[in-house]
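Work through the exercises below with the sequence and model in view. Each task is followed by its solution.

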Amino acid sequence: MTTAPEAPPPVALAEPERNVGKAWIGGITTAMLGLYMAFFTPIQVLLPLQLAEIDEDGKVAAFGLVTGVGALVAVVANPLAGALSDRTAGRFGRRHPWTVGGIAVGAAGLYLLGLQTTVVGVLLCWCLAQAALNAGYASLNAGIPDHVPVRQRAVVSGWIGFPQALGLVVGAVIVTMLVTDIPTGYLVIGLAALVMALPFVLSTPDPPLPRAARPPFDWRALLATFWVSPRAHPDFAWAWFTRFLVMLGNATGTLYLLYFLEDAVHYEERFPGHSADEGVLILTLLYTGGVIATAVAGGVLSDRIGRRKPLVVASSAIITAAALILTFWHTWPAAIAAAAIMGAGFGVYLSVDQALITQVLPAATDRAKDLGIINIASTAPQVLGPALAAPIVAGLGGYSALYAVSAAVTLLGGILVWPIKSVR
């Protein structure tokens, strides 16, 4: 008695085999750049200025409240939107509707944010923007495992990784040099994100999910999928934990950079007439240059040799070296060297670790949701970093101890990729 051959999975769930072309890579890179501009420009420029206008005396506490709650919203919204995207069936595909819809609502949220004159209004509108933009990001990010074969994933991850650093610089230039007021800044950044995503959405395929392949929708069952058992999926658990540690080390070391320049480097005393803000901008540009220089190159190398783990360890060690420089030398030349070295290491890490993560996702049916869970490992350190760094700086060893902790956590995160068995 013979059995009928097993039916192939739907195109939307099949493991991709054909390499994606330059147009596809350019489209998703441009879309990611727009999204990162929408994420980071408000945090780095617009929100601090707006909250200072609303409440000069309480601006620090208000900024911490707004960004902290916004980060928590992102932690929930990203995997939830990803799970809904995984279950979307319709002729327009399961990713593109969420990409366009999420970014469009996010742009509207940013526009409304620019009109607010109270801290509560800013908080609510920023949370709306965060939730919607994360929905767009979750569906866009799932394009890598949906369409890119394993042999090409590191180089594509490099292309979508460096906009994370470049978006901050481009957005800052737009809202400080090309736009003169805060409401217009929010509007321009939101519209730019939408316009930059549309070419990718309109020009690339998004195979629909057959309704027969869609899991039955039940909120309780859906929420239950947010727990990915480390026992059943140990490689996914290790990938999550290592990403969390490296990002925690990065957040711990960078969130207090302005105060480090003021209090440890004494930047304003060393360069009279110049503010520490200018020093942060210089270091940010150096860091961005390092990321851009190595993200794609590291991805190319990883794909060619077919190895992920050695490059993740090596890039984490390079980031660790940058943190150790700031542990022992509190000088401006040391800060410059550390920024360039950290950028170079982080560029390789972004591309190769992202490719590694796409290879340990538990199921094709939950790609966007599982990437959203991984995103928690990137977002949560932005909340936990200040809580960890503040007592260290205040009374547990100062900046030397802070960067020593950053170095140790980062190196541990890199080393712990070795237990991952399904990826070389």
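Axes are lines fitted to C-alpha atoms, for helices over the stretch in contact, and angles run from 0 to 180 degrees between N-to-C directions. The model used here is predicted.

**Exercise 1. Two helix pairs**

Task: Determine how H3 and H4 are oriented to each other, roughly parallel or roughly antiparallel. Then do the same for H6 and H7.

Solution:
- Step 1. Take helix H3 (residues 96-114) and helix H4 (residues 119-141). Their axes come within 7 Å and cross at roughly 160°.
- Step 2. Apply the cut-off: angles over 145 degrees count as roughly antiparallel. H3 and H4 are therefore roughly antiparallel.
- Step 3. Add the hand. H3 passes H4 in a left-handed crossing.
- Step 4. Find the residues that make the contact. On H3 they include Gly102, Gly106, Gly109, Leu110 and Leu113. On H4 they include Trp126, Ala129, Ala132, Leu133 and Gly136.
- Step 5. Turn to helix H6 (residues 153-161) and helix H7 (residues 163-178). These axes come within 6 Å and cross at roughly 15°.
- Step 6. Angles under 35 degrees count as roughly parallel, so H6 is roughly parallel to H7.
- Step 7. The H6 side of the contact is Trp159, Ile160 and Gly161. The H7 side is Pro163, Gln164 and Ala165.

**Exercise 2. The nonpolar cores**

Task: Which helix gives the most residues to the largest nonpolar core?

Solution:
- Step 1. Size the core. The largest one has 102 residues.
- Step 2. Pick out the members that touch the most other members. They are Trp24, Leu110, Leu113, Val156, Phe260, Leu261 and Phe346.
- Step 3. Count by helix. Helix H1 (residues 22-54) gives the most, with 15 residues.
- Step 4. Check for another core. A second, separate one has seven residues, among them Phe244, Leu248, Ala377 and Ala380.
- Step 5. Follow Trp24 outward, leaving aside neighbours within four places in sequence. Trp24 is in contact with Gly143, Ile144, His147, Val148, Val156, Phe200 and Thr204.

**Exercise 3. Thr204**

Task: Is Thr204 buried or exposed, and which residues does Thr204 contact?

Solution:
- Step 1. Locate Thr204. It sits in the loop between helix H8 (182-203) and helix H9 (219-224).
- Step 2. Read the accessibility. Buried means under 20%. Thr204 has 11% relative accessibility, so Thr204 counts as buried.
- Step 3. List contacts beyond four places in sequence. They are Trp24 and His96.
- Step 4. Look for a polar partner. A polar atom of the Thr204 side chain lies 2.6 Å from the backbone oxygen of Phe200.

**Exercise 4. Arg94 and Gln354**

Task: Which atoms lie opposite the polar side-chain atoms of Arg94 and Gln354?

Solution:
- Step 1. Place Arg94. This residue is in the loop between helix H2 (59-86) and H3.
- Step 2. Its relative accessibility is 1%, so Arg94 counts as buried.
- Step 3. A polar atom of the Arg94 side chain is 2.9 Å from the backbone oxygen of Ala12.
- Step 4. Past the sequence neighbours within four places, Arg94 has contacts including Asp86, Asp146, Asp206 and Arg367.
- Step 5. Place Gln354. It belongs to helix H15 (residues 332-358).
- Step 6. With 10% relative accessibility, Gln354 counts as buried.
- Step 7. The side chains of Gln354 and Arg243 share a polar contact of 3.3 Å.
- Step 8. Again setting aside neighbours within four places, Gln354 contacts Asn141, Ser157, Arg243, Tyr349 and Leu371.

Notes: Residues numbered from 1 in each chain as written. Predicted model: local features only at pLDDT ≥ 70, side-chain atom pairs only at ≥ 80, totals over all residues. Heavy atoms only, no water. Core = buried A, V, L, I, M, F, W, Y, C linked by side-chain atoms within 4.5 Å. Buried < 20%, exposed > 50% of the residue type's maximum accessible area, 1.4 Å probe, protein only. Helix = DSSP H or I, 4+ residues; strand = E, 2+ residues; numbered from the N terminus. Contact = heavy atoms within 4.5 Å. Polar contact = N/O pair within 3.5 Å; in protein donor to acceptor, adjacent residues only side chain to side chain. Parallel < 35°, antiparallel > 145°, perpendicular 65-115°, else oblique. Left-handed = near helix turned anticlockwise from the far one by under 90°.
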